[in-house]
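Reader: Could you walk me through this one? I'd like to start with how the chains meet and then look at some charged pairs.

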2 protein chains.
Amino acid sequence: MNRIITVSREFGSGGRELARRLAEKLGVAYYDQEIITEIAKRTDLSVGYVKQITANRPFASFPLHIGEHLGQSLYVDPVLQQSSSVYGEQHKIIQEIADKSDCLIVGRCADYILRDRHPFRIFVYASIENKVARCMAHRTAGESDNVQEMKKKICSLDRNRAKYYEFYCDQKWGARENYDLMVNTRGEDVEKTADAVYDYLMKILK
Amino acid sequence: MNRIITVSREFGSGGRELARRLAEKLGVAYYDQEIITEIAKRTDLSVGYVKQITANRPFASFPLHIGEHLGQSLYVDPVLQQSSSVYGEQHKIIQEIADKSDCLIVGRCADYILRDRHPFRIFVYASIENKVARCMAHRTAGESDNVQEMKKKICSLDRNRAKYYEFYCDQKWGARENYDLMVNTRGEDVEKTADAVYDYLMKILK
């Protein structure tokens with residue numbers, strides 16, 4: 001069976017960079033945005049729209065009591081249906097990736113989807129102060145330099161990420177029982193932290 | 001300033017053994033039961049009693065509404081007072097230990113008590129299945145071999161540990177934001193995991 005590592009991360013923690021560096025050092029295939037692109041291709045939806053769907057808990061397009069009036073067994077909510085079919089593709093693609101070779105997959109509920117293959121599940125996080133500092137240092141042209149706004153954005157992105165995960169995986173995002181190693185990047189150089197995680201894995205996975 | 005590492009752990013996770021091996025490899029002083037013995041000496045209480053006090057959330061010896069009748073400002077609950085004075089000694093002893101030399105301290109709210117010295121805070125945990133298996137393998141003569149009873153005991157010990165911590169530290173025991181590294185021992189050989197954590201620290205703390 002292929003060796004699979006999954007990396008879940010808080011927004012702004014440096015988790016994505018850590019994952020990329022780790023995959024490089026391990027010499028395994030790395031999957032992140034590629035999954036979104038593949039879902040978009042297979043569903044004929046735009047990359048931006050798939051990104052949006054997979055970053056938020058699916059919501060019903062009508063209030064639920066209307067659904068009830070229409071008769072729940074007959075009524076299928078189109079927004080929920082679209083989210084479900086995107087998740088279905090995501091599920092298939094991630095299984096295909098895991099079939100192919102050793103790999104490291106970032107986010108996308110891969111830790112849960114591949115649970116029967118016992119991936120090594122890493123969670124990367126940091127304090128809100130360190131995440132804000134990191135995001136301010138890496139902000140793109142046009143992004144606000146207001147610290148409070150950045151803080152709000154980070155918290156809201158993670159809240160939505162958690163809700164999406166909890167909706168489809170029925171377990172708590174970021175709760176220790178769902179991971180094998182949880183790494184606080186502590187505002188440190190991510191390259192150093194990636195090296196440390198690599199050394200840890202070399203001892204554990206051999 | 002001395003280098004300080006704190007290890008908090010779930011009961012049965014192998015965290016204490018991991019901590020001892022880690023301190024040995026790092027060549028730093030190791031403190032665990034020694035703190036209890038020292039508190040007992042300074043407070044004239046028995047080791048067993050101190051152990052019990054520091055493993056449970058302090059409780060009022062009278063229901064609170066009786067305290068209110070007696071006038072809260074005058075009434076001092078003797079049980080709460082004893083727990084507080086034990087915590088006071090614990091606080092002093094841990095500060096003294098940190099003053100002395102590089103060290104590794106297991107439990108006893110050391111991560112919180114020493115927060116201004118920025119210790120490297122490790123949390124060790126495992127799944128309930130792995131913890132039960134470990135406790136069954138290491139059980140002492142006379143301890144029940146009933147799996148359900150062992151499970152209950154483990155959960156109750158950790159619940160009490162969490163309550164004591166949360167009462168004095170005003171933050172959540174086992175919540176990722178309070179730690180720098182969280183290690184799932186996964187029922188693996190603890191020596192191997194201790195080696196992995198050592199390698200991690202060698203990269204991060206240098």
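Author: One definition first, for a model that is predicted: contact here means heavy atoms within 4.5 Å. On that basis, 100% of the interface residues of chain B are also interface residues in chain A, so the copies meet through the same surface.

Reader: What turn lays chain B on chain A?

Author: A turn of 180 degrees with a shift of 0.0 Å along the axis does it, leaving an RMSD of 0.0 Å, and that is the relation of a two-fold axis. Of the residues of chain B, B:Met182 comes closest to that rotation axis, its C-alpha lying at 2.4 Å.

Reader: And how much area do chain B and chain A bury between them?

Author: About 2300 Å² is buried between chain B and chain A, with 50% of it on carbon and sulfur atoms. On the side of chain B, the residues that lose the most area to chain A are B:Arg176, B:Tyr200 and B:Lys203, which together make up 29% of what that side buries.

Reader: How many salt bridges are there between chain B and chain A?

Author: The count is six, and one of the salt bridges joins the side chains of B:Asp199 and A:Lys203, with N to O at 2.5 Å.

Reader: Which elements of chain B give two or more residues to that side?

Author: Strand S4 (120–125), strand S5 (181–184) and helix H9 (190–204) of chain B do, and H9(B) gives the most, with nine residues.

Reader: Switching to salt bridges inside a chain, where do B:Glu10 and B:Lys131 lie?

Author: B:Glu10 is in the loop between strand S1 (4–9) and helix H1 (15–26) of chain B, whereas B:Lys131 is in helix H7 (residues 128–137), so the pair ties together parts that are 121 residues apart in sequence. Their closest N and O atoms are 2.8 Å apart. B:Glu10 counts as buried at 6% relative accessibility, and B:Lys131 counts as buried at 7%.

Reader: What about A:Glu89 and A:Lys92, how far apart are they in helix H5?

Author: A:Glu89 and A:Lys92 are three residues apart in helix H5 of chain A, about one turn of the helix, and they form a salt bridge with the closest N and O atoms 3.3 Å apart. A:Glu89 is buried, at a relative accessible area of 14%, while A:Lys92 counts as partly exposed at 46%.

Reader: Which residues are linked with them in a network of salt bridges?

Author: A:Glu38, A:Lys41, A:Arg42 and A:Glu96 are linked with A:Glu89 and A:Lys92 in that network.

Technical notes. Residues numbered from 1 in each chain as written. Chains lettered and ligands numbered in written order. Predicted model: local features only at pLDDT ≥ 70, side-chain atom pairs only at ≥ 80, totals over all residues. Heavy atoms only, no water. Least-squares fit on C-alpha atoms with pLDDT ≥ 70 in both. Buried area = accessible area lost by both parts, 1.4 Å probe. Salt bridge = Lys/Arg side-chain N within 4 Å of Asp/Glu carboxyl O. Helix = DSSP H or I, 4+ residues; strand = E, 2+ residues; numbered from the N terminus. Buried < 20%, exposed > 50% of the residue type's maximum accessible area, 1.4 Å probe, protein only.
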